[in-house]
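Colleague: Please take one close look at the surroundings of the ligand, and set out the contacts and the cover that the protein provides.

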Amino acid sequence: MIAPDDAFNGAPQLRTEFETEREHGAVRRATLLVTARGLVEAWLNGRRVCDDVLTPGWSSYEWRLRYASYDVTTLIQERTVVGLSLGKGWFGGRLGWSGKGSFYGDELGAFAQLEIEFEDGTVQLVVTDESWRSGPSAVLANDLYDGQTIDARLVDDAWKRPGFDDGGWRGVHALEFDTSTLVPYIGPAVRRWNELPVAEVIVSPSGKTILDFGQNLVGWIRVRTSGPAGTEITIRHAEVLENGELGTRPLRSAKATDRYVLSGGTDEFEPTFTFHGFRYAEIEGWPGALSPEAFTAVAIGSELDRIGTMRTSDPLLNQFHENVVWGMRGNFVDVPTDCPQRDERLGWTGDIAAFAPTAAFLFDVDAFLSDWLVDLDLEQQHHDGIVGFVIPDILKYHDRERPTDMGPVDSTAIWSDAAVWVPWTLYQAYGDESVLRRQFGSMAAHVRRVDSLLSPSGVWEGNFQFGDWLDPDAPPEYPADAKADKGVVATAAIYRSARIVADTAALLGLEEAHREFDAIAARLRDAFNSEYVDDGVVKSDCTTVYSLAIVFGLLSPEHEEFAGRRLAELAEQAGYRISTGFAGTPFITDALTQTGHVDAAYRLLMEKDCPSWLYPVTMGATTVWERWDSMLPDGSINPGEMTSFNHYALGAVADWMHRVVGGIAPLTPGYASVLIAPQPGGGLTEAETALETPRGRVAVHWTTDGDQLSVEVELPEGVEGILRLPGEGDRTITGGRTTSISELTPAVA
Ligand code: BGC
């Protein structure tokens, strides 16, 4: 690992030049392994070795630094230059809301190993060492949150090619570095995945020029233009407009500003050492008349295969589903984050605990989340089994800013349960039990840790809880002040985790562990009922507590029936507007469905008044918002200081849409057998859902015509399914196409 002898504004370039050992014959294969403390872009003889951006992403660098590996066989010449451009990234830039950064070290560094294999079997190795040279780049500032400054007058690509005189450059020095932390990527690289033109050029009431790309996205703007040398163009990004002006308050301290200085010729700028969450961009300093063609919004994200789709007869619902997809893409940038735009962008565990089932249907996230789970496990191992609020855990460096009312750091319900819920979700979606084997230590440690925190009566009370975070009835500044009792939420959540860990242990043949966790789960269930359930009424008597108690299987059959009725009643009393936060939202529609109130679930789903899932869509949202009312009905931004317009957590209902509206659910993990059970409702006359499962494509298309339901199912060859239609008995179906026409009961039609 080498570092430049000068910081060069946080964007140094490193190079080496060497002669190929041609006496060994033709080059059979050449591979470049590369990583960095910071971000790295690698070049061979002036050519980028890959399309990846933001390499090596963000992992728990203290214990794990991933390297990328590229086939560069065709780029080797007689003399070859390896060039590395560095940026600050997660290693050297700001992280979190404290205004601080560089938590992992003071110096950016690079590690590269080029392996050239010749015809005669000899391998020539070119590695980062003290013979490399370092110099400045045209990047004058870079930070993931704040943006990037590029001075095109300083662009000179000669350094990337043989023969460059690096006499004026500086040296490099070796950094102390533990090579045992180097590991290959498990998950995919981050890449550009979409480009959008300007949809509209707006002149704001104050006279500012604002571009609207028509979609809230994550990435940056590529600009191609020419103008007088030294002209400085400033681009500020934001997700929304307020009073016709750029609404930057939700970004908090993130400046999200790129600056470009023109060379006098034709310049192309692309700020690849930052990213922004934006739909709008304000342009300042443009030379002459602005032409929209000069700008392209480039969307970036981890490269994921799209596997699940859904479309219904309702345009608003379809837009909501699109918003879930866009929100996911923008927050799956190497780490599953809460939001992509403000001074946060952290791997909040509770957000992915809620959203993982939806994510696993829309895209193949097996490798992506497996990679992140390695860090979760590592952080936990170094923290007494505690699963942090965020992974990678930078809050441990923030601790001095931690509000004192949060008490000592410990595990917290829903958030820390990600350690169990996420691997379980991957197993259900893809059927590969190796994720459970790999994560079992972490899953078990989480439940044991919480078991040690339980009260004498066996419930989880007493340490800090986010609880039903962002309950719409909580005051904007106190999102944790929910209606749901925190002990109820916490005890329910850890019961679910204990149950899953017990089942996992049984599946993996770990008998002793199975007994241990089965006993913990049984104790938790008893304690939950004796402490919190009185004649079926669950303490704090609100939608979230019934939803969790029902879906997690905490109640006796009589109490469950009562709870279902009470839940439906509370939903109706709320006018079918949403009354749940992070904890209850992913489960309320399932709880209603499970207890025979699917009609009420549809009423919630189709509601348009605030707060509801469709309300943001009626306000023109193109991603899922953090708050039910991130934008208030009058178009103003929610006054809470924490207001993002791109948070996936509350989009978790899409999972229910796929299973209950669309009708595709795994009967056994990995869809080895499939449950096809669409339950039409909500006034929808059609839904079409498809999923590329590990065994092939499953698709369901249903339409209604009056009280007639037509269903067309496609299953992969060799896969069995159960077709369960409203009012009909179960039918076993096999691979290929099945069609069915049946009568809907009047209530559903
Ligand atoms: C994040 C959330 C997160 C929460 C935890 C927020 O700042 O954006 O999504 O889960 O804090 O309370």
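Modeller: A polar contact is a pair of N or O atoms within 3.5 Å; within protein, one atom must be able to donate a hydrogen and the other to accept it, and residues adjacent in sequence count only if both atoms are side-chain atoms. The model is predicted, so that local features need pLDDT of at least 70 and side-chain atom pairs pLDDT 80 or more, while totals for chains, interfaces and linings use all residues. Residues are numbered from 1 along each chain as its sequence is written, and side-chain values use heavy atoms, with hydrogens and water left out.

An oxygen atom of the ligand lies 2.6 Å from an N or O atom in the side chain of Glu344. For the side chain of Arg342, the corresponding distance from a ligand oxygen to an N or O atom is 2.7 Å. His647 also takes part: an N or O atom of its side chain is 2.9 Å from an oxygen atom of the ligand. The protein buries 96% of the 300 Å² that the ligand exposes when taken alone (Shrake-Rupley accessible area, 1.4 Å probe).

Arg342, Glu344 and His647 belong to a shell around the ligand, whose members each have a heavy atom within 4 Å of it. The ligand is also surrounded by Asp338, Trp348, Asp351, Trp415, Phe466, Trp469, Phe582, Glu626 and Met642. By class, the shell divides into six nonpolar residues, five charged and one polar. In this scheme Ala, Val, Leu, Ile, Met, Phe, Trp, Tyr, Cys and Pro count as nonpolar, Asp, Glu, Lys and Arg as charged, and the others, Gly among them, as polar. Among the shell residues, Trp348 and Met642 are thus nonpolar, Asp338 and Glu626 charged, and His647 polar.
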